[in-house]
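Open the structure in your viewer and keep the selection box handy. We'll go from stop to stop, picking something and looking at what is there.

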2 protein chains.
Amino acid sequence: MTELDKTYTAISVQALKRLPLYLNYLKSLDREKTKIISSPAIAKALGLNEVQVRKDLAAIKSGGRPRTGYLLEKLIGDLDTYLGYSNVNEAVLVGAGHLGRALISYQGFETYGLNIVVGFDVDETVVGTEICGKKVLPLEKLVSLCHRMHVNIGIIAVPAENAQEVCDLMVEAGILAIWNFAPAQLTVPAHILVQNENMASSLALLSKHLKKKMSKA
Amino acid sequence: MTELDKTYTAISVQALKRLPLYLNYLKSLDREKTKIISSPAIAKALGLNEVQVRKDLAAIKSGGRPRTGYLLEKLIGDLDTYLGYSNVNEAVLVGAGHLGRALISYQGFETYGLNIVVGFDVDETVVGTEICGKKVLPLEKLVSLCHRMHVNIGIIAVPAENAQEVCDLMVEAGILAIWNFAPAQLTVPAHILVQNENMASSLALLSKHLKKKMSKA
DNA sequence: TAGATTGTTAATCGATTAACAATC
DNA sequence: TAGATTGTTAATCGATTAACAATC
């Protein structure tokens, strides 16, 4: 990574992951009543360290005021802009099984600027149907459609054994970021980001915690 | 954390999260053909560092052999036991909206030893219905049912603004581990684990990556 | 034996937290 | 001014990776 890139990504991965939490919390506040919010207040509400909050917010250059805090309205706006929620990102999804259907019909993503425009599957019984108004097309059309519509985000919700081939298709289709729900490690060119939504990892943590509790009880 | 606790949890959170990846990969191999697998081979397949793999596997005490590697069958068994997938954990889910319905109907969790036994909701139009054979009950029955059935895992799939109250109910119901899909930071007693499935954080990473790509192009 | 691999100790890297000057 | 807060530098903590002895 060059020096230039460093200034570019002057925020850590961990900090970036926390930004949506701040934004979500700040948006939950009553902007009529609360004009200013301080880092200790945010930290307390979210169970974080106040220095961490300040450092994270410093990265988005929203400029707080000593003694008072941050201007709520401005902070929300800056977070929104920084996270890119203001401009909607279009995505395609492959795999219209249980999980895929859920993701397509889940309304919550639009809040975060993600819009799933179409689904793909190989199963002829689901191809041609609609899920919440979104069409399900045959997988063969993935590459041409992505190119034509300049879609940059691909969501993988297929079984682990088919994940890599779908991934390869997405790369071919010019997708730049892949959100992978399959429990598989994907191999991609360096410029493409794979974000694993690793439910198995989460379950491992839960399971371990319970085992510990049980053996103690 | 006491010295005793340290030996107890001699594995790091990050390492624990990787164990399911190893298990998943090992299970995908043909056990007839492959009797032995080495850490460099696992590392290469999953795109990890081989020392990291060895260190992670050392924590589960499966004992590899210098020059050859690990016995595949034994390693799978040990990982399975360590992760607690062998004994199924029963869970309740609150919130039968889009996401909740998806989670209830998703078959994949049983592989990881998680069995969602029943759903809860406050909406009278969904209470009494069934989703993939799982009943949806009124939220008032949560506490009594969890106590009666000794359920230890709770899944929260309600909007952010209701997450804390549902969480409090779960704590009252004796739940020990909470899998939280709501974009909210939950406050719980120290002995209870909250595992946040933070889709907003993942989207933040995707969004940032794309923004960078775009500005460069 | 020579060579490949395990398991562990030491060095490095990155993220969090503590300390503190600057500010209003 | 006194006091609360920001922003940054230094110290700490935890995880990853490099180095290497032990093993078969």
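In what order do the seven strands of the open sheet of chain B lie? Colour chain B by secondary structure and read across: E5-E6-E4-E3-E7-E8-E9, with mixed pairing. Keep in mind as you look around that this is a predicted model.

**Stop 1: the sheet of chain B**

Start at the edges. Strand E5 (130–131) and strand E9 (193–196) of chain B each have a single partner strand, so one side of each is left without a neighbour in the sheet. Now select residues 89–94 and 114–121 of chain B, which are strands E3 and E4. These two pair in the parallel sense, over six bridges. To see one of those pairs, show B:Glu90 and look in E4(B) for its bridge partner, B:Asn115.

Next, bring back the helices. H7(B) packs on the sheet, where it touches E3, E4 and strand E6 (134–138) of chain B. Check its direction against E3(B): the angle is about 180°. H8(B) lies across E3, strand E7 (153–156) and strand E8 (177–180) of chain B, and runs at about 170° to E7(B).

**Stop 2: where two helices of chain B meet**

Select residues 142–149 and 160–172 of chain B, which gives you helices H7 and H8. Their axes come within 8 Å and cross at roughly 35°. Is the crossing of H7(B) and H8(B) left-handed or right-handed? Turn the view until one helix lies in front of the other; the crossing is right-handed. Which residues make the contact? Show B:Leu142, B:Val143 and B:His147 on H7(B), then B:Leu169, B:Met170 and B:Glu172 on H8(B). By class that is four nonpolar residues, one polar and one charged.

**Stop 3: over to chain A**

Hide chain B and show chain A. Here, too, you'll find an open sheet of seven strands with mixed pairing, in the order E5-E6-E4-E3-E7-E8-E9. At its edges stand strand E5 (130–131) and strand E9 (193–196) of chain A; each has a single partner strand, so one side of each is left without a neighbour in the sheet. Pick strands E3 (residues 89–94) and E4 (residues 114–121) of chain A: they run parallel and are joined by six bridges. For a pair to label, take A:Val92, which stands opposite A:Val118 in E4(A).

Add helix H7 (residues 142–149) of chain A, packed on the sheet and touching E3, E4 and strand E6 (134–138) of chain A. Its direction makes about 180° with that of E3(A). Then add helix H8 (residues 160–172) of chain A, which touches E3, strand E7 (153–156) and strand E8 (177–180) of chain A, at about 170° to E7(A).

Stay with these two helices for a moment. H7(A) and H8(A) pack at an angle of about 35°, their axes 8 Å apart, and the crossing is right-handed. The residues to show are A:Leu142, A:Val143 and A:His147 from H7(A), and A:Leu169, A:Met170 and A:Glu172 from H8(A).

**Stop 4: DNA strand C**

Bring everything back and select DNA strand C. How many residues surround DNA strand C? There are 23, and the closest are A:Pro66, B:Ser39, B:Arg54, B:Gly64 and B:Arg67. Of the strand C atoms within 4 Å of the protein, 62% belong to sugar or phosphate, and the rest to bases.

Now zoom in on phosphate oxygens of strand C. The side chain of B:Ser39 puts an N or O atom 2.3 Å from one. B:Gly64 does it with a backbone N or O atom, at 2.9 Å. From chain A, a polar side-chain atom of A:Arg18 lies 2.9 Å from a phosphate oxygen. Helix H2 (13–28) and helix H4 (50–59) of chain A, along with helix H3 (39–46) and helix H4 (50–59) of chain B, give two or more residues each to this surface.

**Stop 5: DNA strand D**

Last selection: DNA strand D. Among the 23 residues around it, A:Ser39, A:Arg54, A:Arg67, B:Arg18 and B:Pro66 come nearest. Show A:Ser39 and you'll find a polar side-chain atom 2.3 Å from a phosphate oxygen of strand D. A backbone N or O atom of A:Gly64 lies 2.9 Å from a phosphate oxygen too. Finish on B:Gln52, whose side chain has an N or O atom 3.2 Å from a sugar or linking oxygen of strand D.

Notes
Residues are numbered from 1 along each chain as its sequence is written. Chains are lettered from A and ligands numbered from 1 in the order in which they are written. This is a predicted model: local features need pLDDT of at least 70, side-chain atom pairs count only at pLDDT 80 or more; totals for chains, interfaces and linings use all residues. Side-chain values use heavy atoms; hydrogens and water are left out. A residue is near a molecule or strand if one of its heavy atoms lies within 4 Å of it. A polar contact is a pair of N or O atoms within 3.5 Å; within protein, one must be able to donate a hydrogen and the other to accept it, and residues adjacent in sequence count only if both atoms are side-chain atoms. Helices (H or I, at least four residues) and strands (E, at least two) are DSSP runs, numbered from the N terminus. Two strands pair if DSSP finds at least two bridges between them. Contact means heavy atoms within 4.5 Å. Axes are lines fitted to C-alpha atoms, for helices over the stretch in contact, and angles run from 0 to 180 degrees between N-to-C directions. A crossing is left-handed if the near helix is turned anticlockwise from the far one by less than a right angle, and right-handed if clockwise. Ala, Val, Leu, Ile, Met, Phe, Trp, Tyr, Cys and Pro count as nonpolar, Asp, Glu, Lys and Arg as charged, and the others, Gly among them, as polar.
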